[in-house]
There are 2 protein chains.
Amino acid sequence: MTKNLNSDKFRRNIVSVPVAQAKILAYAQQGEMELVPISEANNRVLASDITAPHPFPHFRRSGMDGYALHSLDTRGCNNEQPVQLEVIDDIPCGSLPSAKVERGMASRIMTGAKVPDEADAVVMLEMTETLEHEGKKYIRIKREIESGKNITPVGFELADGDRILEKGRRIGTGEISVLATFGYHLVPVVEKPRVAIFSTGSELLQIDEPLQDGRIRNSNTYMLVNQIREAGGEPYMLEAIEDDLDKARQRVEAAFTEYDIVITTGGVSVGDYDIMAELVREPSTELLFNKVSMRPGSVTTAAVKEGKLLFALSGNPGACFVGFELFVRPFIGAILGVSKPFLPEFQAVLGNTYHKINNFTRFVRGSLTFEGGRLVAYPAPLDESSVMVTIKDSDVLIVIPPTNEGVAAGKLVDVLMLPGGRFT
Amino acid sequence: MTKNLNSDKFRRNIVSVPVAQAKILAYAQQGEMELVPISEANNRVLASDITAPHPFPHFRRSGMDGYALHSLDTRGCNNEQPVQLEVIDDIPCGSLPSAKVERGMASRIMTGAKVPDEADAVVMLEMTETLEHEGKKYIRIKREIESGKNITPVGFELADGDRILEKGRRIGTGEISVLATFGYHLVPVVEKPRVAIFSTGSELLQIDEPLQDGRIRNSNTYMLVNQIREAGGEPYMLEAIEDDLDKARQRVEAAFTEYDIVITTGGVSVGDYDIMAELVREPSTELLFNKVSMRPGSVTTAAVKEGKLLFALSGNPGACFVGFELFVRPFIGAILGVSKPFLPEFQAVLGNTYHKINNFTRFVRGSLTFEGGRLVAYPAPLDESSVMVTIKDSDVLIVIPPTNEGVAAGKLVDVLMLPGGRFT
């Protein structure tokens, strides 16, 4: 008997990248709010708008070291006819004025200190001469000072109730400065989604094992840990799944009870040993897609199980990296409620002709430079799915649309900025 | 008796930003090496070159699921005259070939598995038909396969001994992938410099204290914590220094015994309460500069004490932020041994006319956008030294050279990219 053994595993429904992204994002539910200390808030995402609980500054603040005075007292003074004012108070930062500044008087004041209510200007120290006479202090001023000079009015930066930071904003240095200013020592942020990572495939050596012929070290897991942290998730490295369908099923089901997202890497090819492809066909699982019209990573798979997402990324390092950036990063971002969860997209000039042809859209690792006022993206010399070594030098993914003749140097191409990307 | 009370505190030697940076960097000594687990290596800096301890890949790797064969066996075959090969082995990933592939034979092989030494090509699964006949398996192929097809040769990405990562390189996702691939579960990095932060000034409220008239919350310390971490240092928030010279001296001296760098923020103006200005004039201290021809932050001060650096940054949030980015960040970078410790510099079009005039170079906070193929930098609406609220929206510092007429929109300006900066 002659039998064709090719199974229906080959039948995969191809979706485009935007369709695949939309299918995934439909399942993103924003995470719960938690309060974290401000010193641990960096790179977290705000769970609610932050409004100013008071104007800023909340008192009339001196912008200079100098003297608070009545500007009218300086009217008409000049080098020949300086005005002389008696110094009646001394206001360091954090102190309140202790004497009333009448006409003809001035109060010594520090940068940042509260200006006496009666005074309408501050003259800077360097524009004054100080004198002592019969135990009293005086200053001399030789130039007119305009009303309001060197005084920052109440609410100059922000009014009471102003929205200062919006929900979904990622917290960095400037946000921390604002939060501290307004006394937010606990910051409302979205809980980090807990992301389990399984590597699959018995070919994988632990990172600290000696090399063996025919086997490779498990590098994707460590790469994913870093990508997940950057994206704002909390990664959990689980023990590698072996190539056994029943064990794999148990392990993945257990993971779904404990984690918010499950990622596998490896074992999604169309061969006889394809575990993940089987798993996403189980009745309890809804397959979202198992083929995307892209290179690398066309076999990237996503499925939903009890409302949670399973991403089966390629075991090839380049494809695993790209699959995470295009699909998992935006999903984590959407859970966190960020307004723009996708990699930033813009146009650049292609630096070298890209020769490869393909029916699928390619996401080619590239470096970004700034030359003569233009952004130029250079494709990495090695961009195969299996290639690991060029990930580290990549600033962008260059989007090469389906083409049967390549794309010439000098053409404008879309590029996606990678999280660690820079241009030089 | 009439006496001029103005002291020599006003005398400050002005240096330019590049001169100030050079004075600082002269004191940067590279830190010691330590080994950290790869999972904690992100954003650390390599203390030594990393070389490949073996070629990568280290075995002839199949790039496809399919069959390993002799390409000569497919010579001349076509749709009408398919070639039929006996399948004699099955090589999953991580396993070694168990049978020799003679002419007329083929071995089933998985993506990533070791190709048998005798085979010179792999045909992809989809290009074959499988048959069973009298208990034996066969494949049929209808197209010629060229020699080398779908086989990644040994050392395709890296040869044994290749330098794969250079000393001074900051570790991110791509570097982690490489390190894991080559088994570096412990990574040689430069120890993080320990950076003490003092705020000065009795006007400061703790972040969780209720607001008081005339006083502000200590926000600079939290901002600096974040900047130090981003730069690769380990921040230590010390109790604020009160405005008392003796106490301040003791506190700063104690800090120098325990930390590698000491930063103060506040208390560097020219007023009567200026503690830091006194401190850097002590005999045991070498003043590097106490005035820089820049805005904001012209009173930024740096001094050396027992070979360690003291940075006295402005208490104004905007000036403190800029002072850190221009001086402390590169110093930390130099200690870590990074090759380019300064903020990346490039040119952009000025989006709005900048009207302010100044004798000093201004570092104006700005946002960066990408419009019609050009990078455009927009100055923040509020860029005063004292302003805190625009730090969060800044991608770049726009460099406005000394000018007595401002800079017109459309002119090219130098910009410095901030660590959290993006362009949209």
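These questions and answers walk through a predicted model of two chains, A and B. Local features need pLDDT of at least 70, side-chain atom pairs count only at pLDDT 80 or more, and totals for chains, interfaces and linings use all residues. Residues are numbered from 1 along each chain as written, chains are lettered from A in the order written, and side-chain values use heavy atoms, without hydrogens and water.

Me: Which rotation superposes chain B on chain A?
Reply: Copies are superposed by least squares on the C-alpha atoms of residues with pLDDT of at least 70 in both. The fit has an RMSD of 0.1 Å, and the shift along the axis is 0.0 Å. The two copies are thus related as by a two-fold rotation axis. The rotation is 180 degrees.

Me: Which residue of chain B comes closest to the rotation axis?
Reply: The distance is taken at the C-alpha atom. It is 3.2 Å, and the residue is Arg374(B).

Me: How many residues does each chain give to the contact?
Reply: Contact means heavy atoms within 4.5 Å. Chain A gives 100 residues. For chain B, the number is 99.

Me: What area is buried between chain B and chain A?
Reply: Buried area is the accessible area (1.4 Å probe) that two parts lose on being put together, summed over both. Carbon and sulfur atoms give 60% of it. The total is about 8600 Å².

Me: Which residues of chain B lose the most area to chain A?
Reply: Three residues together make up 8% of what that side buries. They are Thr173(B), Met388(B) and Lys392(B).

Me: Which residue forms a salt bridge with Asp213(B)?
Reply: A salt bridge is a side-chain nitrogen of Lys or Arg within 4 Å of a carboxyl oxygen of Asp or Glu. There are 4 salt bridges between chain B and chain A. In this one, the closest N and O atoms are 2.5 Å apart. The partner is Lys114(A).

Me: Which element gives the most to the side of chain B that touches chain A?
Reply: Helices (H or I, at least four residues) and strands (E, at least two) are DSSP runs, numbered from the N terminus. Several elements of chain B each supply at least two residues, including strand S9 (128-133) and helix H2 (173-181). The top giver supplies 8 residues: H2(B).

Me: Is Thr221(B) buried or exposed?
Reply: Thr221(B) lies in helix H3 (residues 220-231) of chain B. Beyond residues up to four places away in sequence, it touches Ile197(B), Ser199(B) and Met237(B). Buried means under 20% relative accessible area, exposed over 50%, partly exposed in between (1.4 Å probe, protein chains only). Thr221(B) has 1%, so it is buried.

Me: Which backbone nitrogen does the side chain of Glu144(B) reach?
Reply: Glu144(B) sits in the loop between strand S10 (136-141) and strand S11 (151-152) of chain B. At 46% relative accessibility, Glu144(B) is partly exposed. Leaving aside neighbours within four places in sequence, its contacts include Thr74(B) and Cys77(B). The side chain reaches, at 2.5 Å, the backbone nitrogen of Gly76(B).

Me: Where is Gly315(A) in chain A?
Reply: Gly315(A) has 35% relative accessibility, so it counts as partly exposed. Not counting residues up to four places away in sequence, it touches Asn220(A), Thr265(A) and Gly266(A). Its place is the loop between strand S23 (308-313) and helix H6 (317-336).

Technical notes. Polar contact = N/O pair within 3.5 Å; in protein donor to acceptor, adjacent residues only side chain to side chain.
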